[in-house]
Amino acid sequence: MTKNPVYHPDTIAVRGGLQRSEFDEASEALYVTSGYVYSSAEEAESSFNGEKDRFVYSRYSNPTVRMLENRLSQLEGAEACRMTSSGMAAVFATMASLLKAGDRVVASRALFGACYTILTEIMPKWGITTELIDGTDMSAWKSALSQPAQMVFVETPSNPLLELVDLEAVSTLAHQAGALMVVDNVFATPLGQRPLALGTDVVIYSATKHMDGHGRVLAGAILGSSDIVDDAIFKFLSRTGPSLSPFNAWVVLKSLESMPYRVDRMVTSAHHIGQYLETHCPDIKVYYPYLESHPQYDLAKRQMKHGGTVVAFALPGGKEASFTFLNHLKLIDISNNLGDAKSLICHPYTTTHSSLNADQKHELGISEGHIRLSVGLEHPDDLIGDLMAAYARLSA
Ligand SMILES: Cc1ncc(COP(=O)(O)O)c(C=O)c1O
């Protein structure tokens, strides 16, 4: 028997999970249906008692959503994938389904604002506690994981300052402590980092970002072994209902076809822009994992296949300088989304992380001078021209 060929990510992004109907359509079909019909009462019974594997209701599963789940599983090298209505629904469902009262989570404190709120405000209401640590500090991980824990949650690179967590080393410590290792891989994308191959148990995405990549729909994905994803997580999702709409799944499915090319171009431009700013604006501190100035450059090179599509930088002059800079951009849009074909820029202190108080932001290292730039598909010279014209206004 011949084994299935192993395809490159570019090929999987175009063809993975494709399931044609009896009409032999070339493009993936969009199944806009909430329910399904049965040829007999007996068939309905056997579909519900598990004897027959078929679609029964789109809160559970839908053919278009299933194609997307299969494409992403193949891209990630994961046994199973379940889609959700947004990235945050994926984060919350993973925690709510795998944790219980009395459990302990250890997380790197450099987190997206909404993840931080779930861990510090929502989970404690149900008796789940979180120890937040400096995720870049291996001794902090060793100390926190010297006691039992049930989950380790990290984002690497982190939003917005692109701090990294050593996934292989922390996964090992997590497992020794009895914890599942969960990684939000949004900033790296499945093309830039393979957390499962480094020992991670569950990988989460906001598919709203590079996977849609055109700023249209919200979507989330949870990937890992079938034991975890198709059991506890699927049970939680199918009963509580944060399902992805078939239309949104179809949009993401079609966008995935070009994701490798989009991400490749965005990464090249982001790296170039980071280097340019570092060279031409000595008073700006630039953060980009693939720049030698990044404190975890060696880890970035070891763990990531590229430096990502986001560049962060700190302007001297705090909020006033940041707002002057943003307000003088003519091409790059002010927006808190990322991973889009359009370059987007934001001031994390007053937007994505505004729900945190000043002390919490200080602890995360987010200052009023920090800017996050999500590099899009425009020509990098045009982006640099826009950035430098706004920068010139700071000394005008
Ligand atoms: C790192 C990270 N995780 C999760 C999310 C949440 O994704 P969504 O907006 O799709 O809920 C975001 C959104 O910005 C993010 O940046």
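**Group meeting: the ligand shell, two domains and some helix packing**

Okay, let's start at the ligand. Around the ligand you'll find Ser-86, Gly-87, Met-88, Phe-112, Glu-155, Asn-159, Asp-184, Val-186, Ser-206, Thr-208, Leu-218 and Gly-220. And please keep in mind that this is a predicted model. If you sort that shell by class, you get six polar residues, four nonpolar ones and two charged ones.

Now let's zoom out to the domains. The domain assignment splits the protein into domain 1, residues 9–256, and domain 2, residues 259–395. Their C-alpha centres sit 27 Å apart. How many residues of domain 1 are in contact with domain 2? It's 33, and they meet 35 residues of domain 2. On the domain 1 side, the elements giving two or more residues to that contact are α1 (9–15), α5 (113–122), α8 (189–192) and α10 (246–256). As for the make-up of that side, we have 17 nonpolar, twelve polar and four charged residues.

Hold on to α5 and α10, since both come back in the helix packing. When we talk about two packed helices, we describe them by the angle between their axes and the distance between the axes.

First up, α4 with α5. Helix α4 covers residues 87–98, and its axis comes within 10 Å of the α5 axis, with a crossing angle of roughly 25°. So α4 runs roughly parallel to α5. The crossing is right-handed. Who touches whom? From α4 we have Met-88, Val-91, Phe-92 and Met-95, and they meet Ala-114, Cys-115 and Ile-118 of α5. By class, that contact is seven nonpolar residues, with no polar and no charged ones. Met-88, you'll remember, was also on the list around the ligand.

Next, α4 with α9, which is residues 226–240. Is α4 roughly parallel or roughly perpendicular to α9? The axes come within 9 Å and cross at roughly 115°, so this pair is roughly perpendicular. Here too the crossing is right-handed. On the α4 side the residues are Ala-93, Thr-94, Ala-96, Ser-97 and Leu-98, and on the α9 side Ala-232, Ile-233, Lys-235, Phe-236 and Leu-237. This contact has seven nonpolar residues, two polar and one charged.

The third pair is α3, residues 63–76, with α10. Their axes come within 8 Å, crossing at roughly 35°, and the crossing is left-handed. Thr-64, Val-65, Met-67, Leu-68 and Arg-71 of α3 meet Pro-246, Ala-249, Trp-250, Val-252, Leu-253 and Leu-256 of α10. Nine of the residues in that contact are nonpolar, one is polar and one is charged.

Last bit: some backbone details to click on. Where are the cis peptide bonds? One joins Thr-156 and Pro-157, with omega about -5°. Another goes from Asn-159 to Pro-160, with omega near 5°. Pro-157 is in the loop between β4 (151–155) and α7 (167–176), and Pro-160 lies in the loop between β4 and α7 as well. Asn-159 should sound familiar, as it is one of the residues around the ligand.

And then there's Asp-24. Asp-24 isn't a glycine, yet its phi is positive, at about 55°. You'll find Asp-24 in the loop between α1 and α2 (41–48).

Definitions and conventions: Residues are numbered from 1 along each chain as its sequence is written. This is a predicted model: local features need pLDDT of at least 70, side-chain atom pairs count only at pLDDT 80 or more; totals for chains, interfaces and linings use all residues. A residue is near a molecule or strand if its C-beta atom, placed from the backbone, lies within 6 Å of it. Ala, Val, Leu, Ile, Met, Phe, Trp, Tyr, Cys and Pro count as nonpolar, Asp, Glu, Lys and Arg as charged, and the others, Gly among them, as polar. Domain bounds come from an automatic or database domain assignment. Two residues are in contact if their C-beta atoms, placed from the backbone, lie within 7 Å. Helices (H or I, at least four residues) and strands (E, at least two) are DSSP runs, numbered from the N terminus. Axes are lines fitted to C-alpha atoms, for helices over the stretch in contact, and angles run from 0 to 180 degrees between N-to-C directions. Angles under 35 degrees count as roughly parallel, over 145 as roughly antiparallel, 65 to 115 as roughly perpendicular and the rest as oblique. A crossing is left-handed if the near helix is turned anticlockwise from the far one by less than a right angle, and right-handed if clockwise.
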